[in-house]
Amino acid sequence: MFLWFVLVDQFDQTPTALLESMAIPIAILDCDLLLHGRGHKTLDRFDLDLVSDDFLLTQFGFPRDFILYLVELLREALCRRTQRSRAISPEVQVLAALGFYTSGSFQTSMGDTIGISQASMSRCVSNVTRALVEKAPQFITFNRDPSYKEQSFQEFQRVAGFPQILGVLDCVQVAIKAPNSEDSSYVNKKGFHSVACQLVCDARGLLLSAETHWPGGLQDTIVLERSALYEQLQDTEEGWLLGDGRYPLKKWLMTPVDCPESPAELQYNLAHTATHEIVDRTFRAIQTRFRCLDSSKGYLQYSPERSSSILLACCVLHNASLQLGLDAWTLERTEPLEQPKGLNQRPEDRDSQAEELRKKIILKHFS
């Protein structure tokens, strides 16, 4: 792109003649170069080897080895999206995106830390988010392998004695700005705009399913019934998920007993609560690490679609970090759990086979 500067001598030549004879082409430089000057230290020249591990962990939320792993994982996708002559490197883009995810801010201080403008920060976040969303099927998957299933059963049973658990289910809310269309479907039961995310995780906090694109005003049961997970589990013959009282009892979804009347039913509920808490702890840890998702710090300043993508990208990062050996709950925020209200079901909607199965579980394992 070029900008044409014209020097006009109105007494000697016409403007047209001047445009033809005296125009001077001046190349437009990269916006970051114009902002900071040639002497400014940009991340294109940022050497990870020259900064400390503490600096990386403090500023970007992850240790050096994980950041390097992430750069290589996303390098091809990020290079595809930046074909400009002075494209920002994959290393720069990853660090900029991690800086946003873990701080939730495009503020000048973050841009100064990494040496790029807020506009470039935004582009980096968009590129990395799209690249991570593309990787979601690789990192978030419901493993049906028999050996993995047996391992999952054992890990969950060690928590509180609850048998044959495939995963624990919950639906969480992430605050967003009001959509331009003022779509009321994004106003949740607490009165703020949000996207709903249906999560399933294993006993270690690894996400097995993450569907992040639901309007916050939908009931959890409706989200479940419309989800890919619902179809996926219809043919499950062994094992079940655990869901709280907001969900209907199914043969593949065990919920608490509404009004426990026996010691065995009470013990079942206690084991259910202790085990189901894993998914709540997991999401609290994700919000704490990725403060862009923490509604106590504000809300995502994006459309529902882009907010859902950022949420899914953070879920991918959570699983990738666990698979590389990081602790799921190192940064867990502790707070009292909100007790869900029970689901009001009509008698004709009750699943008699599921109720009979729950009775057998209670009798065999909690009596």
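## Close-ups of the predicted model

**Arginine 64 is buried, with a relative accessible area of 16%.** Here, buried means under 20% relative accessible area, exposed means over 50%, and partly exposed is anything in between, using a 1.4 Å probe and protein chains only. This is a predicted model, where local features need pLDDT of at least 70 and side-chain atom pairs count only at pLDDT 80 or more, while totals for chains, interfaces and linings use all residues. Residues are numbered from 1 along each chain as its sequence is written, and side-chain values use heavy atoms, with hydrogens and water left out.

**View 1. Arginine 64 reaches aspartate 53 through a salt bridge of 2.8 Å, N to O.** This contact ties together distant parts of the chain: arginine 64 belongs to helix α4 (residues 64–80) and aspartate 53 to helix α3 (residues 53–60), 11 residues apart. Helices are DSSP runs of H or I with at least four residues, strands are E runs of at least two, and both are numbered from the N terminus. Unlike buried arginine 64, aspartate 53 is partly exposed at 46% relative accessibility. The structure holds 7 salt bridges, each one a side-chain nitrogen of Lys or Arg within 4 Å of a carboxyl oxygen of Asp or Glu.

**View 2. Staying in helix α4, glutamate 72 and arginine 75 make a salt bridge.** Their closest N and O atoms are 2.7 Å apart. The two residues sit 3 apart in helix α4, so about one helical turn separates them. Arginine 75 is partly exposed, with 26% relative accessible area.

**View 3. Aspartate 244 and arginine 246 belong to a salt-bridge network.** The closest N and O atoms of this pair are 2.7 Å apart. Both partners count as buried, aspartate 244 at 9% and arginine 246 at 18%. Through shared partners, the network joins Asp170, Asp220, Asp244 and Arg246.

**View 4. Phenylalanine rings feature among the 10 aromatic pairs found in the whole structure.** Rings of Phe, Tyr and Trp (its six-membered ring) pair if their centres lie within 6.5 Å; planes under 30 degrees apart are stacked, over 60 edge-to-face, and the rest tilted. Phenylalanine 55 and phenylalanine 60 have ring centres 6.2 Å apart and planes at 75 degrees, so theirs is an edge-to-face pair. Phenylalanine 55 is partly exposed at 27%, whereas phenylalanine 60 is buried at 0%. Phenylalanine 100 and tyrosine 101 make a tilted pair, 6.0 Å centre to centre with 55 degrees between the planes. Phenylalanine 100 is buried at 4%, and tyrosine 101 is buried at 0%. Elsewhere, Phe62, Phe66, Tyr69 and Phe290 gather into one aromatic cluster.

**View 5. An open sheet of 5 strands runs in the order β5-β4-β3-β6-β7, with mixed pairing.** Strands β5 (207–215) and β7 (253–254) are at the edges with a single partner strand each, so one side of each has no neighbour in the sheet. Two strands count as paired if DSSP finds at least two bridges between them. Strand β6 (residues 240–242) runs parallel to β7, and 2 bridges join them. Leucine 242 has methionine 254 in β7 as its bridge partner.

**View 6. Helices α9 and α13 each lie across β3, β4 and β5.** Helix α9 (residues 146–160) runs at about 75 degrees to β3 (165–175). Helix α13 (residues 304–323) runs at about 170 degrees to β5. Axes are lines fitted to C-alpha atoms, for helices over the stretch in contact, and angles run from 0 to 180 degrees between N-to-C directions; contact means heavy atoms within 4.5 Å.
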